[in-house]
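Colleague: I am new to this one and would like the terms explained as we go. Please show it to me.

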Amino acid sequence: MAVTKPAQASAPGKIILFGEHAVVHGQPAIAVPLNAVQVTVTADPASPGSGLSVHAPDVGHTLRVTPDHDPADDPLHNALGYPLQVALRALDVPVPDLVLTVRSTIPIASGLGSGAALAAALIRALGSALDCPFDNETLNPLVYEVEKRHHGTPSGIDNTVIVTNQPVYFVKDQPIQPFTIARPFTLLVADTGRSSPTHITVGDVRKLFEAEPDRIGAIFTHIGSLVDIARWAIESGTIGVLGPLMDTNHALLRDLTVSSDELERLCHAARQAGAWGAKLSGGGRGGNMIALADPAQAKPIAEALRQAGAVNVITTVVTSPEDTDQTPG
Ligand code: MEV
């Protein structure tokens with residue numbers, strides 16, 4: 001199929017502020033986009049008959065995508081090829097002659113939504129190149145389908161916050177609830193450097209829940225109640241409440257066995273350096289943690305996090321979508 005125009009699309013990373021894991025089991029969670037990291041995909045027309053390929057120079061791979069070759073156990077195909085197969089099916093078009101080039105600053109398997117962002121940017125770029133751009137309502141379920149391939153039983157929060165690029169209060173299988181941020185607040189996002197696939201931690205928490213439904217169910221409910229208090233605090237600008245809520249949420253995630261030595265070290269270092277609260281963010285057992293800070297303290301806390309082993313620290317101001325300020329550093 002001939003393609004007429006080049007196109008470009010991108011998608012941000014995400015941070016879960018409160019409620020990860022419990023959200024898979026029906027509790028609410030709060031997440032915000034992280035625009036300091038991005039996936040960008042460019043789509044360039046290719047010579048007639050050359051078909052569809054995805055080039056990922058950062059990881060040194062090029063993949064040819066055909067509609068029928070779908071090796072579900074190949075992570076590279078699931079990340080790069082499967083989103084395009086899902087999009088081609090949705091568009092109901094033949095395979096175009098197109099080269100898609102992927103660039104990403106979102107670390108893989110680190111709790112920042114790399115899989116969902118990659119899928120969103122790939123599908124958006126394909127739609128635009130074929131002159132059939134996807135709106136967010138159509139795109140979100142397609143990215144969710146890809147998330148199911150990655151995670152098995154995702155709640156849907158990652159695709160929702162990444163596709164809509166706005167803060168969400170999310171409950172599985174319920175309509176999206178954007179919410180307002182009354183007063184901006186500063187977060188540090190620190191990477192342990194250890195990748196940790198979400199499907200493993202989600203699967204382990206599920207096994208724990210099956211083995212001890214009362215104890216683990218009570219932890220999920222407790223996390224859900226923290227999320228609701230956090231929503232009230234964010235919507236009313238009562239930021240002082242958020243730090244202790246983060247600490248408690250982290251302790252409950254530790255009880256769910258998804259913390260790690262690295263995450264404990266970074267949370268401890270952040271609090272010692274003056275952070276108001278700290279917790280792991282995302283699937284856990286590695287990936288990223290977040291710390292809430294007085295903006296004036298962000299630099300020394302970032303330094304303390306690096307001293308404690310963080311391989312990267314991003315300082316971000318969580319604010320309403322039209323007024324975003326996020327800086328690496
Ligand atoms: C992953 O970013 C968040 C988890 O709650 C999984 C999910 O919601 O699908 C751990």
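Modeller: Of the 14 residues around the ligand, K14, H21, P154, S155 and D158 come nearest. This is a predicted model, where local features need pLDDT of at least 70, side-chain atom pairs count only at pLDDT 80 or more, and totals for chains, interfaces and linings use all residues. Residues are numbered from 1 along each chain as its sequence is written, and side-chain values use heavy atoms, with hydrogens and water left out.

Colleague: What makes a residue near a molecule?

Modeller: One of its heavy atoms must lie within 4 Å of the molecule.

Colleague: Why is the pair between the side chain of S155 and the ligand called a polar contact?

Modeller: A polar contact is a pair of N or O atoms within 3.5 Å; within protein, one must be able to donate a hydrogen and the other to accept it, and residues adjacent in sequence count only if both atoms are side-chain atoms. An N or O atom in the side chain of S155 is 2.6 Å from a ligand oxygen, so the pair qualifies. For the side chain of D158 the distance to a ligand oxygen is 3.0 Å.

Colleague: Which part of H21 lies 2.9 Å from an oxygen atom of the ligand?

Modeller: A backbone N or O atom of H21.
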